[in-house]
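Please open the structure in a viewer and keep the sequence panel visible. The tour below proceeds by selection, each stop stating what to pick and what is found there.

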Amino acid sequence: MAAVTLRRVSKRFPNGALAVRDVTLEIADGELLVLLGPSGSGKSTLLRLIAGLDVPTAGAVLIDGRDVTAVPPQHRDLAMVFQSYALYPHKTVRQNLEFSLRVRRVTGIAGRVQRAAELLGIAALLDRKPAELSGGQRQRVALGRAIVREPRAFLLDEPLSNLDPLLRVSTRTELALLHRRLGTTMVYVTHDQEEAMTLGTRIAVIRDGRVEQVDAPLDVFRRPANVFVAGFVGSPAMNVWEDGDGLSAGAGQGTVLGIRPHDIELTDSTAADGRGRIEVVEPLGAATLIHLRVDRRSSDLVRVVISADRAVAVGDVVGFRVRRDRVHQFDRETGRRRDG
């Protein structure tokens, strides 16, 4: 196992694009850190810098305190799992798992392969070829190829993105159990906040090559560091009220207020903070998401999550009340969170 440290790391590509901007990050030994951000945010580049597949323009990469910035990837003892399974189609599962070990002339190959196969539930598939496997089975083989190396850390770049939704959920659970069993450091890249929330020991939210917040998953959700994190983490997205929208009393000048859709409730007009006309109704199964058109808000609809048992229809005019203890305050100029 290994601790990984990035010290003021930046990466500028030859075309001038600055993909990573002055990132400092501590990844503890044995933790599963998720790099979460939209497409093009720089999260995969960060992973490649840790792996040694890219070299930083500035800053240093350390593994267990040793500077490996100039060390080639094959000498960092890290295993990477890519979005594509990258299996050898002409080799069996067993041969795919053995390949890197044979190249390195490792001893005890058969035992390593068998242990990894049993851990991942693919022992019965060892003599099949990739074309005979499902997507989920191929992903397990890709993970197995990393596990047999017994690396100091695993680097996973959106490994579940090619799976269908149901298989993603089950494989995500298997990954969480795998991390618990192995106890090895894992750095996991995704743009899927549900994956981040369920898998991560901590989440590092990335935007435009910068780390916006690093925290435990629930802390990122409950106390977002800025307006971007508040809007990116959480589904449905947070509602944002600007000054003058009628709900900012006592917030102070230059304040932006955020409220999550499940922290707004429908109520009668006497106790309401506002009224709105229902424009869209989205059944979500156990709950329903409604979108309200509120007169004082000129553009965005207000999102409210209600019980699926509540009967509503497009065109209904309803009152709503905001839970004051769940309101988030952000500075209008900087976007940063205001305490209090």
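Begin by selecting R8, which is exposed, with a relative accessible area of 56%. This is a predicted model, as are all the features visited here. R8 is part of strand 1, and its phi is near 50 degrees, a positive value in a residue other than glycine. Most residues other than glycine have a negative phi.

Next, select E150 for a second such case. Its phi is likewise a positive value, near 50 degrees, in a residue other than glycine. E150 sits in the loop between helix 4 and strand 7 (153-157) and is partly exposed, with a relative accessible area of 46%.

Return to strand 1 and display the sheet around it. Four strands form an open sheet in the order 2-1-4-5, with antiparallel pairing. Strand 2 (18-27) and strand 5 (66-67) are the edge strands, each pairing on one side only. Now select residues 4-12 and 58-63, which are strand 1 and strand 4; five bridges link them in the antiparallel sense. As one bridge to inspect, L6 has V61 of strand 4 as its partner.

The following stop is the largest pocket, with a volume of about 590 Å³. Select L78, A79, M80, F82 and R149, the closest to its centre among the 22 residues that line it. Which elements each supply at least two residues of this lining? They are strand 6 (78-81), helix 2 (93-103) and helix 4 (135-147). Strand 6 gives the most, with four residues. Colouring the lining by residue class should show 15 nonpolar, three polar and four charged residues.

Proceed to the interior. In soluble globular proteins, nonpolar side chains tend to be buried together. The largest nonpolar core here has 43 residues, and I122, L156, L175 and Y188 have the most contacts inside it. Select L175 and show its surroundings: leaving aside neighbours within four places in sequence, L175 is in contact with L143, L156, L160, Y188 and L199. A second, separate core comprises 28 residues, including A19, L49, M80 and A204. M80 was also met at the pocket, among the residues closest to its centre.

Finish at S235 and P236. What kind of peptide bond joins these two residues? The bond is cis, with omega about 0 degrees, whereas most peptide bonds are trans. P236 lies in the loop between helix 8 (227-232) and strand 11 (239-241).

How values were computed
Residues numbered from 1 in each chain as written. Predicted model: local features only at pLDDT ≥ 70, side-chain atom pairs only at ≥ 80, totals over all residues. Heavy atoms only, no water. 1 Å grid on protein atoms, 1.4 Å probe; cavity = no way out; pocket = protein on both sides within 12 Å on 5 of 7 lines; lining within 4 Å. Points joined across faces, edges and corners; volume = space filled by probe spheres on them. Nonpolar A, V, L, I, M, F, W, Y, C, P; charged D, E, K, R; others polar. Pairing = 2+ DSSP bridges. Core = buried A, V, L, I, M, F, W, Y, C linked by side-chain atoms within 4.5 Å. Buried < 20%, exposed > 50% of the residue type's maximum accessible area, 1.4 Å probe, protein only. Contact = heavy atoms within 4.5 Å.
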